[in-house]
Amino acid sequence: MNPSNQLHYVKAKYDAAFKDASLQFKNLELARERATHARWKAIENLDSYLIEFEANFIKSGGKIIWAQDSLEAIDAVVKISKNAGAQTIIKSKSSTAEEILLKERVGIEGLDIIETDAGDYIADSMDEHSGHMVLPAIHKSVEEINSHFGLNNLAPDQLVGVIRDRLRETYLQADIGITGCNFLIADPGAIVITENEGNAQLCASAPKTHIVLTGIDKILPSLNYLDLFLPLLSTYGTGQKLTAYNSIITGPKQPEDLDGPEELYVIIIDNGRSTVLEHEVQRQASTCIKCGACQFNWPVYMSNPATNFSNPISAVTAPLIDNFESQEEAVRNSLLDGNLMDICPVKIDIQKLLIENRKESVEKGFEPRANKLFYFFWKKAMLNRDIMNWKGIKAGKYIMEGLYKSDRGLRETPSIAPQSFNEQWRDKLNIK
Ligand code: SF4
């Protein structure tokens, strides 16, 4: 199965599961409204909630490291690992780790990180990055995975069993476990991790040191919000009422605890998030809870999961962080798909944010010369009735064919009407 067909197959399964899981909400629309409001409240008061989280977390024995950018975050991981004399480092799924290129960069320092999420393990062993925010190996077929591992037609659950067996000893040997987190809770200073495999729990509790990587935007004011956000995240993320394992971690191991790490670090990373917050309109992207639902409805991703900007939310934030310098592709090629807001649990109006990015990019003078010329002539043609009635048809045909030819044959070129509307109208009313 090619990656795009594989994605459509999984999406169909996801759609059915989502429908079932969403029935747990008496009023899904109201739940989304509440979640949207809560995330806005958290983001608008980020400064005070982050400080509250830090103070509470330190009280329980946890350590906080603030990292301005990805290099500071990597430095912190390397320092902790070297000080601990770490030989084996394990990691569960973390979009923040992907963002800062953790594995590649600590690899330069001679440290090897072993992925423990089955999807990440598969992608990593194929030298690929995660293919989806929530489901890292979603674009790989069962046949492909079997053949990669030299296995004989194992079913998906058997494949996961093989990966678990391979990793079992590693958990016991690991000196450091690295995880991401889904939410930081300001009161009482807690980390929340939701997952389905239990590997994040093992990464967080088996090794002596646990490092959590998180962006500054993961904050929620209090534990009271979890009864809303945990089911909402799992419904939109995987079409489950609730994920199988949900951990609330408030600090390192205490004397009365049976297990848990002796040292617990939370590295809180900015890495351009403050820049996104400076943009009054696009700031809304910071309320994202990383459920991944929009990827299933993002034509750019569904037709080519290997694209550089594989999710709409990073298509919004990456150009802002980069001040539009090198993200032309994300600004120009993003399809403005109006239904994305309807499928987002926190109602992010992605279409509006993408349009705002285009506007800012043009205002800052980043519009390509070819675009400027195109729109110059387009405007001339559109404002001239003679051209519209005569050359317009041929020009339209030419433009359409050009656009659809560059579409790698994914869509059929629509045929152009032999007469423009204006001509048909004139004929109908017999106007010469
Ligand atoms: S933008 Fe919305 S749908 Fe997309 S990942 Fe974020 S919360 Fe989920």
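**Exercise 1. Which residue in strand 10 is the bridge partner of Lys-63?**

Solution. This is a predicted model. Look in strand 10: the bridge partner of Lys-63 there is Tyr-265. Now widen the view to the strands. Strand 10 covers residues 263–269 and pairs with strand 1 in the parallel sense. The pairing runs over 5 bridges. Next, add the helix. Helix 3 (residues 46–59) lies across strand 1 and strand 10. Its direction is at about 145° to strand 1.

**Exercise 2. Give the strand order of the open sheet of 6 strands, and explain why strand 1 and strand 3 each have one side without a neighbour.**

Solution. Start with the order: 1-10-7-4-2-3, with parallel pairing. Then check the ends. Strand 1 (63–67) and strand 3 (113–115) stand at the edges. Each has a single partner strand, so one side of each is left without a neighbour in the sheet. Finally, the twist: from one strand to the next it averages 25°.

**Exercise 3. Where is Lys-241 found, and which residues does it touch?**

Solution. First, place the residue. Lys-241 sits in the loop between helix 11 (226–238) and strand 9 (245–249). Next, set aside residues up to four places away in sequence. Lys-241 then touches Ala-21, Gln-24, Pro-231, Ser-234 and Thr-235. Last, take a distance. Ile-211 is 30 residues apart from Lys-241 along the chain, and their C-alpha atoms are separated by 28 Å.

**Exercise 4. What lines the largest cavity?**

Solution. Begin with the count: 1 cavity of 30 Å³ or more. The volume of the largest cavity is about 100 Å³. Its lining has 15 residues. Nearest its centre lie Cys-288, Cys-291, Cys-294, Cys-344 and Pro-345. Sort the lining: 13 nonpolar, 1 polar and 1 charged.

How values were computed. Residues numbered from 1 in each chain as written. Predicted model: local features only at pLDDT ≥ 70, side-chain atom pairs only at ≥ 80, totals over all residues. Heavy atoms only, no water. Helix = DSSP H or I, 4+ residues; strand = E, 2+ residues; numbered from the N terminus. Contact = heavy atoms within 4.5 Å. 1 Å grid on protein atoms, 1.4 Å probe; cavity = no way out; pocket = protein on both sides within 12 Å on 5 of 7 lines; lining within 4 Å. Points joined across faces, edges and corners; volume = space filled by probe spheres on them. Nonpolar A, V, L, I, M, F, W, Y, C, P; charged D, E, K, R; others polar. Pairing = 2+ DSSP bridges. Axes fitted to C-alpha atoms, helices over the stretch in contact; angles between N-to-C directions.
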